[in-house]
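Open the model in your viewer and keep the sequence panel in sight. The tour moves from one selection to the next and says what is there.

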Amino acid sequence: MPGSSVMGREAEHSLADFYFSDSDDPLRPPEGFVQWAEAGSWAMSMYEPHMLGAVAPRMAIERAGERSDVINLSSYNYLGLATHPEVVEAAQEALRTYGTGACGSPLLSGLSDLHRGLEQELAAFLGQEDCILFNSGFAGGMGTLAGVLRKGDVAILDAKTHLCSIDGAKLSRAKLVFFDHNDPDSLDQALTDSEGARRLVVVEGVYSMDGDTADLPKLLPVAEKHGVGVLIDEAHSILVYGANGRGVVEHYGAEKSIGLQFATFSKAFAGCGGFTVGRALLQYMRYYINAYGFSALPPAVVAGLRKALEVATRDNSLRETLWANTRYFREKAQQIGLDLGHGSSQVVPIMVGSDRRRLYELTRTLHRRGLFLAPVDYPSVPEDGLRFRVAITAAHTRADLDRALEILEDTIIRGRVDGAAE
């Protein structure tokens, strides 16, 4: 019932129930969705909060007209570079020198020396020959697959691979096959079943909903046995994993076994966009990736990214702080009884189960008590795996983490949940 103070029957549904529309007009939303969204408006307001200032460990947000000063555990600013003075100054200087935009497509209008410099620096950093930049991380992941695969090919994806890779495989018109998460036997079967076709295996460095890594020591020998290349999405692991921050590929010593390495700039780089590095194939890819050919990053963003790469790799201090914070939070969270799943990264799921009503009531309570976390609902995760997702950063202090843990213990473990919308 609209305006209800307690989440009612709308908790029985999720976005997955309205994917196929009952409307005969594609410009009109499904009637069932409209009713569901109105009845559960207080719960839907838990998404897309207004951030009232820069992304920081402590900040102000507004949800459903309700302002709170919060500890932010929802930012991917893993190394705390979003407001780093050197990064900000580099972006400001480029804005003064190069203006606001790239003003054209790379293939026809060209790219600045800033762009070319970033390509060269990333290729050298990751020990590759070439690099392609994208102005969106999602578009880059999608475009990379769409650029290398064709109809008749087979894309073999880990079952928990990000949606951008799934959409890219679909866009390429390749056959889409999933293997069980991190399961070498399942991968072996998928490769055996697809013999005779061109194939590509796709995995992620850190899986964004579970916080675990691709099990490269077990998966790569299977791909190599079948003579099939591997693309890895390092969105949540670049600058974080590896002795030098080169990602999960470096962490497992697998640099020579990976055909293409993709990553985003919107996480540890604290910018926007993405990139793919590889060898001779990238010259070919430039002409077949529409996400590259028809858009380019603004120069100020590129300058900030170049400085972020420099700051993040001049020593290991930011990465060491991030890992110290991650270990501390995980240890304390487990001590108070939170279910963190099976990961070990700076991405920390807090499992809630299948009770959607409880998930959203907890979200509202966390907001009111000063903790910014978003509910993660089906179909993003399994229906019995509803959760919150914590992102630990190097910018968090122990005081930030201790206060967050106090709030989590009070709400999730002790069950002190405020009422829903009033």
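Start with alanine 64, which lies in the loop between β2 (58–63) and β3 (66–72). Strands here are DSSP runs (E, at least two residues), helices are DSSP runs (H or I, at least four), and both are numbered from the N terminus. The model is predicted, so local features need pLDDT of at least 70 and side-chain atom pairs count only at pLDDT 80 or more, while totals for chains, interfaces and linings use all residues. Residues are numbered from 1 along each chain as its sequence is written, and side-chain values use heavy atoms, with hydrogens and water left out.

**The loop and its sheet**

Check the backbone at alanine 64: phi is positive, about 50°, although the residue is not a glycine. Alanine 64 counts as exposed, at 56% relative accessibility. The classes are buried for under 20% relative accessible area, exposed for over 50%, and partly exposed in between (1.4 Å probe, protein chains only).

Now select the strands on either side of this loop. β2 and β3 run antiparallel and are joined by six bridges; two strands pair if DSSP finds at least two bridges between them. To find one of the bridges, pick arginine 58, whose partner in β3 is isoleucine 71. Widen the selection to the open sheet of four strands, ordered β1-β2-β3-β12, with mixed pairing. Its edge strands are β1 (50–51) and β12 (371–372), each of which pairs on one side only. In general, strands of a sheet pair through backbone hydrogen bonds, either parallel or antiparallel.

**A second positive phi**

Go to asparagine 182, in the loop between β6 (175–179) and α8 (184–193). Asparagine 182 also has a positive phi, about 60°, and is not a glycine. Is asparagine 182 buried or exposed? At 16% relative accessibility, asparagine 182 counts as buried.

**The annotated domain**

Select residues 69–407. The UniProt record, an unreviewed entry, lists this range as "domain: Aminotransferase class I/classII large". UniProt positions are given in the numbering used here, feature names are shortened, and annotations may be inferred rather than shown by experiment. Over residues 69–407 the chain is 42% helix and 17% strand, and the end C-alpha atoms are 13 Å apart.

**Strand β14 and its partners**

Select strand β14, residues 386–391. Why does β14 count as largely enclosed by the rest of the structure? Six of its six residues are buried, so the rest of the structure largely encloses the strand. Colour the two faces separately: Leu386, Phe388 and Val390 are buried on one side, and Arg387, Arg389 and Ala391 are buried on the other.

Add the neighbouring strands to see an open sheet of three, in the order β11-β14-β13, with antiparallel pairing. The edge strands are β11 and β13, each pairing on one side only. β11 (residues 347–353) meets β14 over six bridges. Along that pairing, isoleucine 350 stands opposite phenylalanine 388, and methionine 351 stands opposite arginine 387. On the other partner strand, β13 (residues 375–376) and β14 pair over two bridges. There the bridge partner of valine 376 is arginine 387 in β14.

Next, select proline 379, in the loop between β13 and β14. A cis peptide bond joins tyrosine 378 to proline 379, with omega about 15°.

**Helices around α16**

Show helix α16 (residues 398–413) with helix α15 (residues 356–369): they pack at an angle of about 140°, with axes 10 Å apart. That makes α15 oblique to α16. Axes are lines fitted to C-alpha atoms, for helices over the stretch in contact, and angles run from 0 to 180 degrees between N-to-C directions. Angles under 35 degrees count as roughly parallel, over 145 as roughly antiparallel, 65 to 115 as roughly perpendicular, and the rest as oblique.

Swap α15 for helix α14 (residues 317–335), which packs against α16 at about 25°, with the axes 11 Å apart. That makes α14 roughly parallel to α16.

**Cysteines**

Finish with the cysteines. How many disulfides does the structure hold? There are zero, a disulfide being a pair of cysteine sulfur atoms within 2.5 Å. Cysteine 103 is exposed, with a relative accessible area of 73%. Its sulfur is 15 Å from the closest cysteine sulfur, in cysteine 272, which is too far for a bond. Cysteine 272 is partly exposed, at 31%. For cysteine 272, the closest cysteine sulfur is in cysteine 131, 15 Å away and too far for a bond.
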